[in-house]
Amino acid sequence: MTEIYQKLEKCLKSVRDRTDFQPEIALILGSGLGDYANRIEIEAVLDYHEIEGFPTSTVPGHAGRFVFGYVQSIPVVIMQGRVHYYEGYSMADVVLPTRLMGMMGAKVLFLTNASGGIQDGMHAGDLMLITDQISDFVPSPLIGPNPDELGVRFPDMSHIYDSGLQDAVRAAADRLQIPLKEGVYIQLTGPNYESPAEIRMCKTIGADAVGMSTACEAIAANHMGMKVCGISCISNLAAGISKKPLTHAEVQESADRVAPLFQKLVTESIAEIAKVL
């Protein structure tokens with residue numbers, strides 16, 4: 001048994017000592033969506049610091065807790081505040097929450113984030129369905145001894161974002177008449193925003209939106225057999241596209257502004273996803 005899996009088992013025991021809730025869908029909330037967890041039918045709440053060995057988020061606006069409950073009668077676990085690589089954690093710790101939610105029973109990982117728009121025609125406040133990703137600029141969460149209990153040593157990544165789940169999100173957006181961009185998400189390390197030259201590079205290699213999370217979590221979930229979908233809130237235009245300096249305050253403001261629409265899309269998407277589980 002690897003050290004990674006032993007740590008996960010300890011974390012799972014800490015969770016099970018407090019709740020036996022069995023989620024079907026795991027939802028990670030990005031910037032601007034933090035309040036979403038307070039709007040569901042809550043069954044239990046567990047602060048990260050109550051879980052033995054669990055990494056805690058240091059980012060402003062990230063509450064740092066699991067919320068267990070129901071979205072339209074569908075059992076979910078919500079990660080209210082994620083851990084980022086730039087906070088100084090190992091990549092194994094960054095994806096530990098994702099793996100833990102899978103071990104809790106979740107079959108689907110629903111990722112959300114705030115990102116910088118690269119695709120031509122994007123505007124702050126757009127929502128983008130993630131259809132693929134580029135993660136080459138951050139360490140793979142699978143480096144090191146493979147936890148065989150979770151997945152194989154060399155997992156296929158041809159379809160990280162499940163096509164059926166993408167169709168479910170599209171159907172939800174159509175029903176709500178919410179415009180939905182589609183594209184490739186690229187994860188860079190952060191915490192600094194990218195230079196204009198770096199954004200030109202990202203665009204050249206096929207990225208449509210850039211951020212500091214998500215891709216590593218998707219790899220870890222795919223490795224352990226979870227189905228994955230994701231939506232980015234385009235909170236700002238990336239450096240060199242935007243004519244003004246980038247700030248976290250701008251990102252938060254844009255994310256907060258579009259949050260009500262984003263929350264409606266997440267709820268409707270979860271209902272659609274439950275139909276194909």
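**A tour from strand β5 to the cysteines**

Select I25 first: its bridge partner in β5 is V108. The model on display is a predicted one, and this pair serves as the point of entry to the strands described below.

Extend the selection to strand β1, residues 25-28. β1 and β5 run parallel and are joined by 4 bridges.

Next, select the whole of β5, residues 108-117. Is this strand mostly covered or uncovered? β5 is mostly covered, with 10 of its 10 residues buried.

Return to V108 and look for K227 in β9, which stands opposite V108. Then display strand β9 in full, residues 227-237. The pairing of β9 with β5 is parallel and spans 10 bridges.

Move now to G117, whose bridge partner in β8 is A209. Selecting residues 209-211 shows strand β8. Here the direction is antiparallel, and 2 bridges link β8 to β5.

The last stops are cysteines. Select C229 and display its sulfur; the closest cysteine sulfur belongs to C233 and lies 16 Å away, too far for a bond. C229 is buried, at a relative accessible area of 1%.

Finally, select C202 together with C216. Why does C202 form no bond with C216? The sulfur of C216 is the closest cysteine sulfur to that of C202, but the two are 16 Å apart, which means that they are too far from each other for a bond. C202 is likewise a buried residue, with a relative accessible area of 0%. With a cut-off of 2.5 Å between sulfur atoms, the count of disulfides is 0.

Technical notes
Residues numbered from 1 in each chain as written. Predicted model: local features only at pLDDT ≥ 70, side-chain atom pairs only at ≥ 80, totals over all residues. Heavy atoms only, no water. Buried < 20%, exposed > 50% of the residue type's maximum accessible area, 1.4 Å probe, protein only. Pairing = 2+ DSSP bridges.
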